[in-house]
Amino acid sequence: MAQTQKVALVKLPHLQKYLNSTSDTTYIINFWATWCKPCIEELPNFEAVQKQYAGQPVQVVLVSMDFAKDLDKKVVPFVNRHKLQSTVFLLDEPDQNAWIDLVDPSWSGAIPATLFVNNARKQRLFLEKPITLAQLNTYLTSTFSHTP
């Protein structure tokens, strides 16, 4: 039987747990939506990294920017259809201006956008563009020095 991935509807404090974590874990937080073609095209790259770094202090978190009302109609079916294994949640914060700067002051709000953060090592990298698997691996090995 196929495992169905649970997708939680969360508020800002849930996201901030990752943004402000003091553990020596590198979080790769990707902001995406079911209606964003470049976002969908890069999701397999994040899934590959999640598998590649299994057992390492690296965690992929996929943050859906879809509307809260679309959670059950669009997001959950999408996640299950694509068999996403990473942590996925839908951020229910309609006023983007209230929280986008907390992710990164340079962020215009466009997606896909990805934040690499490891507060224990004071490492942070924000990218407002699609990312290839090769780029993901380069950022992780050069900037964040986790080697699988």
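These legends accompany a set of views of one chain, shown as a predicted model.

**Figure 1. The whole chain, with five helices and six strands.**
Let's start with the overall layout. Read from the N terminus, the elements follow the order β-α-β-α-β-α-β-α-β-β-α. The radius of gyration is 14 Å, close to the 15 Å that the globule rule gives for 148 residues, so the chain is as compact as a globular protein of that length. Taken along the principal axes, the box filled by the C-alpha atoms is roughly 40 × 40 × 25 Å. Of the 148 residues, 49% are buried. Among contacts with a separation of 6 or more, 69% are between residues 24 or more positions apart. The chain exposes about 7500 Å², and carbon and sulfur atoms supply 55% of that area.

**Figure 2. Helix α1 (residues 12-19) and its two faces.**
Which residues of α1 are buried? They are L12, L15, Y18 and L19. Looking down the axis of α1, these buried residues fall within an arc of 115°, so they line one face of the helix. The face turned away from the buried side carries P13 and K17, which are exposed. On the buried side, α1 has plenty to look at: its buried residues pack against strands β2 (26-32), β3 (58-64), β4 (87-91), β5 (113-118) and β6 (123-127), and against helix α4 (100-103).

**Figure 3. Helix α2 (residues 37-52) and its bend at L43.**
Follow the helix to L43, where α2 bends by about 30°. A proline, P44, follows within four residues of the bend. How does the span of the helix compare with expectation? At 1.5 Å a residue, the 16 residues of α2 should span 22 Å, and the end C-alpha atoms are 24 Å apart, which agrees. L43 itself is buried. The other buried residues of α2 are C39, E42, N45, F46, E47 and V49.

**Figure 4. Helix α3 (residues 71-81), with its buried and exposed sides.**
The buried residues here are L71, V75, V76, F78 and V79. They cover an arc of only 155° around the axis, which puts them on the same side of α3. K73 and R81 are exposed on the other side. Cover for the buried residues of α3 includes strands β1 (8-10), β2, β3 and β4, along with helix α2. Just past the end of the helix, look for K83, which takes a positive phi of about 50°.

**Figure 5. L62, a buried residue of strand β3.**
Is L62 buried or exposed? Its relative accessibility is 0%, so L62 counts as buried. Leaving aside neighbours within four places in sequence, L62 is in contact with N30, W32, L43, F46, E47, L84, S86, T87, V88 and F89. L43, the site of the bend in α2, is thus a familiar face here. For a sense of scale, the C-alpha atoms of L62 and V103 are separated by 14 Å, and these two residues lie 41 residues apart along the chain.

**Figure 6. S64, another residue of strand β3, and its surroundings.**
S64 is buried, with a relative accessible area of 0%. Not counting residues up to four places away in sequence, S64 touches W32, V75, F89, L90 and L91. One of these, V75, belongs to the buried set of α3. The C-alpha atoms of S64 and L91 are separated by 6.2 Å, with their positions 27 residues apart along the chain counted as the distance apart.

Notes:
Residues are numbered from 1 along each chain as its sequence is written. This is a predicted model: local features need pLDDT of at least 70, side-chain atom pairs count only at pLDDT 80 or more; totals for chains, interfaces and linings use all residues. Side-chain values use heavy atoms; hydrogens and water are left out. Buried means under 20% relative accessible area, exposed over 50%, partly exposed in between (1.4 Å probe, protein chains only). The arc is that of the directions from the helix axis to the C-beta atoms. Contact means heavy atoms within 4.5 Å. The expected span of a helix is 1.5 Å times one less than its number of residues. The bend at a residue is the angle between axes fitted to the seven residues ending there and the seven starting there. The radius of gyration is taken over C-alpha atoms; the globule rule is 2.2 Å times the number of residues to the power 0.38. Accessible areas come from the Shrake-Rupley method with a 1.4 Å probe; for residues, only the protein chains shown count as cover.
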